[in-house]
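Biologist: Could you take me through one part of this model closely, beginning with a single helix and following what surrounds it, before you turn to the rest of the chain?

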Amino acid sequence: MEGEADNQRSVLNLVAVFEEQWASKFPWRDKQPPYSQTTPATSQPQQLPASPTSRGQSLSQMAARHQAEEEDEEEEEQQQGRQGLSFKCLRSFRHKISEDNWRRQQDPGLELGSKEPEEKKIALELLETEQAYVNRLHLLDQVFYTELMKEAKNGKTVPEEVVKMIFSNISSIYQFHAKFFLPELQKRMEDWSCNPRIGDVIQKLAPFLKMYGEYVKNFDKAVELITVWSEKSPPFQDLIADIQKRKVCANLTLQHHMLEPVQRIPRYELLLKDYVRKLPPESPDQGDAEKALEMIFMVAKHSNAAIAEMERLQNLWVVYQRLGLEDDIVDPSNELIKEGPIQKISTRNNSTSEKYLFLFNNMLLYCVPKVIQVGAEFQVHLRINVDSMKVRELNDAQFPHTFLVSGKQRTLELQARSGEEMNAWIKAFQDAIDRKAKRSGTFKAAVHGLETGTPALKTEELGRRAPQWVRDNLVTMCMRCKEPFNAIMRRRHHCRACGYVVCARCSDYKAELQYDGNRLNRVCQECYVFLTGHLVLEDREEKHKGILEKGAAEVSGKSLLCSSLQLLDKNGKGGTRGWFVIPQDDPLVLYIYAAPQDVRAHTSIPLLGYQVRDLPQGDSRHLFQLVQSRQVYTFVADTEELKRRWMRTMARSAAGITHPEEGEDVDSCDEAE
């Protein structure tokens, strides 16, 4: 039963592909009233020839209902002005395949009053449906295709290439079934009494059924061409309508008949699976039938792969239209992995702006939604190659759910709407990176690198990949000369090679950067010397590194405790907020920085000999003090828990205890953050 359910699901998935594609292209069809559960059986033509007269009354009733429904459908299509594929056909097929007795619904006379073995009944059913199927292929190839091609050669309807694209390889399919498959089945059924088996016949011919992949892949495009050219060429539409009125068409449209080859492989699989199940254990056909079923399954899988390939290329085409591009994203080697909105964090004004990402297997398109969506929905601002890309999560208290995407062309700080969404993006990026590395034959585990703190590039990567820029609000002084910034005389600039925030004097250099197409970019003095090899005459006296010249990011990464605190003035009414650190290598001193990425502390407090006092909570503030003689420092923490941690750590340092408390996480900076 599980196998049968899997088989039904595979067939339903096949139909769902076309339903979804046409629902998106013709949304007006969804507005039609839903079809009842009793109509599907009439929306497909009878595949089996008429049997005994006992079925005459039911067939006549079905034909009458069928004709009435077709008239209603034609009237609806005329009102809409389209000749597209009927949803009734697709939905009826879905209903039939979902029924366990779908074949008995088509021809209930197969099993009435018959004493033939079960496996022979199924073999006869296969033969009869094959005869009806060959008749349908004859209609498609020898009637529709031949007459449309004849008129096309006379220049009266559409170009010949359009007719060939509509019918794809239907001629090959027809020739195979009419000259090989059907004759072999007929011959075998005539000799059934001497040789009761069909597994070897199907096994011999099953590999040729892979030709259906091309037809299935082209089906959606074929139906679209019929719709388009029916509107553009009245003679083309009239000729199709004339053929459809003939008795052989059974009042069905060309699109109905063209759907038949798409359905045929799944029906082979259902019939053969039932045949194998009904075979007695001692049957000589057991082995061949099971092997044939396996081969039919592989053919169906091949068709499904063709559908998947078609869907993939159509998705690329949809993205192409949404971007309005005229380049190479619609390439057979491209695959859309993930798309969606994202927030981009600005390093300049510490704010976010909405962007949109399209992640492919080989590149990331960084886009901006267009205000006036005429033609294109998005505008591409940047393209980043997946090759050598890195991705990692960021621990940012101000912007939660953020992650870093670092590529050769650019490095982006992005914020997702939730932790789940962030993890989904990181996984998608990492999968794309790993697949790219494997295909290139130089697989390396993606380096999540870029140590917590200052986002410095490795020396060998300098200039070869875009750096992560340090945000302006994280520094108050030049990260090279350590002079404080101000709004007039010493403004902030970014080195395009290392990403540091530097002053104009320290970044008054230009160097070619490989990640930017070897164009000249503004860089700091240290990067200029490294990238160009040119020496710079130093006009400042070399200063020895002072006691306060410990980089905040450097000591925060190896600290007993670090976080933001507020230091109140003597009146206890106001004060300055800063970044406070007790380093592991200098555990008796509290360093105070203006910002978390500053390269020099503006002051320090030796803790030895101080007493730590708790103050009652006032105005919802978490207060505590450092007291020694007449010297008093009052601090404000963000939470009560953070306050307790600072009091405990300061008390240990004031007592001269230099080793971390037992059981305490050494990397307490992240927790405090």
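Modeller: I begin with H8, whose 21 residues, at 1.5 Å a residue, should span 30 Å, and since its end C-alpha atoms are 28 Å apart, the expected and the computed lengths agree. The model is a predicted one, and what follows should be read with that in mind. Although its length agrees with expectation, H8 contains a kink of about 40°, centred on His 177. His 177 is itself among the buried residues of H8, which also include Ile 170, Ile 173, Tyr 174, Phe 176 and Phe 181, and further along the buried set continues with Leu 182, Leu 185, Arg 188 and Met 189. An α-helix has 3.6 residues a turn, so residues three or four places apart point the same way. The cover over the buried residues of H8 includes H6, H7, H9, H10 and H12.

One of these covering helices, H10, allows the length argument to be repeated: its 21 residues should span 30 Å at 1.5 Å a residue, and its end C-alpha atoms are 29 Å apart, which agrees. H10 also bends, by about 45° at Phe 219.

The setting of these helices is the largest nonpolar core, which has 66 residues and in which Ile 166, Phe 167 and Met 258 have the most contacts. At least two residues of this core come from each of helix H6 (118-153), helix H7 (160-167), helix H8 (170-190), helix H9 (199-205), helix H10 (212-232), helix H11 (234-244), helix H12 (254-278) and helix H13 (286-323). H6 gives the most, with 15 residues. Apart from this core lies another, of 26 residues, among them Val 502, Cys 506, Tyr 509 and Tyr 528. Returning to Ile 166, and leaving aside its neighbours within four places in sequence, one finds it in contact with Asn 218, Ala 222, Leu 225, Ile 226, Phe 236 and Met 258.

Between H11 and H12 there is a loop that holds Ala 250, a residue with a positive phi of about 55° although it is not a glycine. Its relative accessibility is 36%, so Ala 250 counts as partly exposed.

Beyond the helices, an open sheet of seven strands follows the order E4-E3-E2-E1-E7-E6-E5, with antiparallel pairing. Strand E4 (378-385) and strand E5 (390-394) stand at its edges with a single partner strand each, so one side of each has no neighbour in the sheet. Neighbouring strands of this sheet are turned against each other by 35° on average, direction ignored. Despite its place at an edge, E5 is mostly covered, with four of its five residues buried. E5 pairs with E6 in the antiparallel sense over five bridges, and within that pairing the partner of Val 391 is Val 405 in E6. Strand E6 (residues 402-406) is in turn joined by five bridges to strand E7 (residues 411-415), the two running antiparallel, and here Phe 403 has Leu 414 in E7 as its bridge partner. The loop between E4 and E5 contains Ser 388, which, although not a glycine, has a positive phi of about 70°. With a relative accessible area of 34%, Ser 388 is partly exposed.

A further antiparallel pair is formed by strand E10 (residues 509-513) and strand E11 (residues 519-523), again over five bridges. In this pair Ala 511 stands opposite Asn 521 in E11. The hairpin of E10 and E11 has five residues between the strands, and in it Gly 517 takes a positive phi near 70°.

One more residue can be placed in helix H14 (residues 419-440), namely Ala 424. Ala 424 is partly exposed, at a relative accessible area of 33%. Its C-alpha atom is separated by 9.3 Å from that of Lys 338, which is 86 residues away along the chain.

For the protein chain taken as a whole, there are 18 helices and 18 strands, and 48% of its 673 residues count as buried. Among contacts in the protein chain with a separation of 6 or more, 61% are accounted for by residues 24 or more positions apart.

Key. Residues numbered from 1 in each chain as written. Predicted model: local features only at pLDDT ≥ 70, side-chain atom pairs only at ≥ 80, totals over all residues. Heavy atoms only, no water. Pairing = 2+ DSSP bridges. Axes fitted to C-alpha atoms, helices over the stretch in contact; angles between N-to-C directions. Core = buried A, V, L, I, M, F, W, Y, C linked by side-chain atoms within 4.5 Å. Buried < 20%, exposed > 50% of the residue type's maximum accessible area, 1.4 Å probe, protein only. Contact = heavy atoms within 4.5 Å. Expected span 1.5 Å × (residues − 1). Bend = angle between axes of the 7 residues up to and from the residue.
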